[in-house]
Amino acid sequence: MTKPRILMARAVFPELITRLEQHFEVEHNQADEAWTTQQLAAKLHDKVGLFTTGSERIDEQVLAAAPKLKICANMAVGYNNFDLPAMTARKVLATNSPDVLTETTADFGFALLMATARRVTESEHYLRAGKWQRWSYDMFSGSDVHGSTLGILGMGRIGQGIARRGAHGFGMDVIYHNRSRLAPELEAECKARYVGKEELLRTADHLVLVLPYSPSSHHAIGAAELALMKPTANLINIARGGIVDDAALAAALRDKRIAAAGLDVFEGEPKIHPDLLTVPNVVLTPHIASATVPTRKAMANLAADNLIGFLVHGKPLTPLNPEVLK
Ligand code: 8YV
């Protein structure tokens, strides 16, 4: 019996290919070539399954070239690379990889918060450049993390993980804003208080963005929002590029209208707004919040579980558009 054919859009752990080959005929991309949309679409003409990361856009153009496609399994919790309505209309199941990365990503949110507040990378660059001649009383003074006010915009699982770390580990006063309020027990567990967006912006010493990207969250933090923040505040984005207006942020950092920023995601990444590269008070990392070996393996395996679960057993684990199963 011939096995169903699937396509891996990107390189993955070699053992994952071996695992998938037990069930499928796998066309992989272990050379990690950068395919154009047309190349990806052409490879999909005979495939029933596709393994993606957050970097591959799956839209009508791709779907139209993939008449046999039944499932796209994303190795990411965020799925703004999927045109979900188009996939649903074509009865292509979409899955993501939630939960397995929550704590790792929350750890990184905190790492970026601390590196930003305490000017870790800026001071390291200074040291590496041989500029450290002697200690001085105000050298690289940053802002305190313990006992400060932690603001969280977007209070899903990762936001809650950051709230717990802040409240229980660092004695921070945690406030949050979200489309919907958490249940009282969860608020109590996270020691987090719901506030309006404006109060969040005005009050936070450290504002962490953890909301999903959608047209409605595009530039949720722009010039007007930055103007409401304290001049001593730090902004951390581990959510998605495009939620922050990077040009407005670079200007605010340059003019010291906020103290500093820590960014793991960027508008149009991997391109970075050139002004962000010239301001010193920003910590920049290349979209690595979920990057630990165990977590990346768990994400990849969950995407594989979705392919096997759906194509072999008819039961995906984490469907995003379960209506196509009906
Ligand atoms: C991924 C992410 O590493 O899960 C997400 O939504 O942003 C990251 O954890 C990235 O999208 C690659 O798939």
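Colleague: How much area do domain 1 and domain 2 bury between them?
Modeller: Carbon and sulfur atoms hold 48% of this area, which is the accessible area (1.4 Å probe) that two parts lose on being put together, summed over both. The model is predicted: local features need pLDDT of at least 70, side-chain atom pairs count only at pLDDT 80 or more, and totals for chains, interfaces and linings use all residues. Residues are numbered from 1 along each chain as its sequence is written, and side-chain values use heavy atoms, without hydrogens and water. Domain 1 and domain 2 bury about 430 Å².

Colleague: Which three residues supply 75% of the area that domain 1 buries against domain 2?
Modeller: No other three residues supply more of that area. They are Asn80, Pro98 and Thr295.

Colleague: Where do the two domains lie in the chain, and how far apart are their centres?
Modeller: An automatic or database domain assignment sets the bounds. Domain 1 takes 5-98 + 293-325, and domain 2 takes 102-284. Over C-alpha atoms, their centres are separated by 32 Å.

Colleague: How many residue pairs are in polar contact across the interface of domain 1 and domain 2?
Modeller: Five residues of domain 1 are in contact (heavy atoms within 4.5 Å) with four of domain 2. A polar contact is a pair of N or O atoms within 3.5 Å; within protein, one must be able to donate a hydrogen and the other to accept it, and residues adjacent in sequence count only if both atoms are side-chain atoms. Across this interface the count of residue pairs is two.

Colleague: Which residue has a side-chain N or O atom 2.7 Å from an oxygen atom of the ligand?
Modeller: Backbone atoms also approach ligand oxygen: a polar one of Met75 is 2.8 Å away, and an N or O atom of Gly78 is 2.8 Å away. The side-chain atom at 2.7 Å belongs to Ser290.

Colleague: How much of the ligand's accessible area does the protein cover?
Modeller: On its own, the ligand has 330 Å² of accessible area, by the Shrake-Rupley method with a 1.4 Å probe. Residues with a heavy atom within 4 Å surround the ligand, among them Thr53, Leu101, Arg240 and His287. The protein covers 86%.
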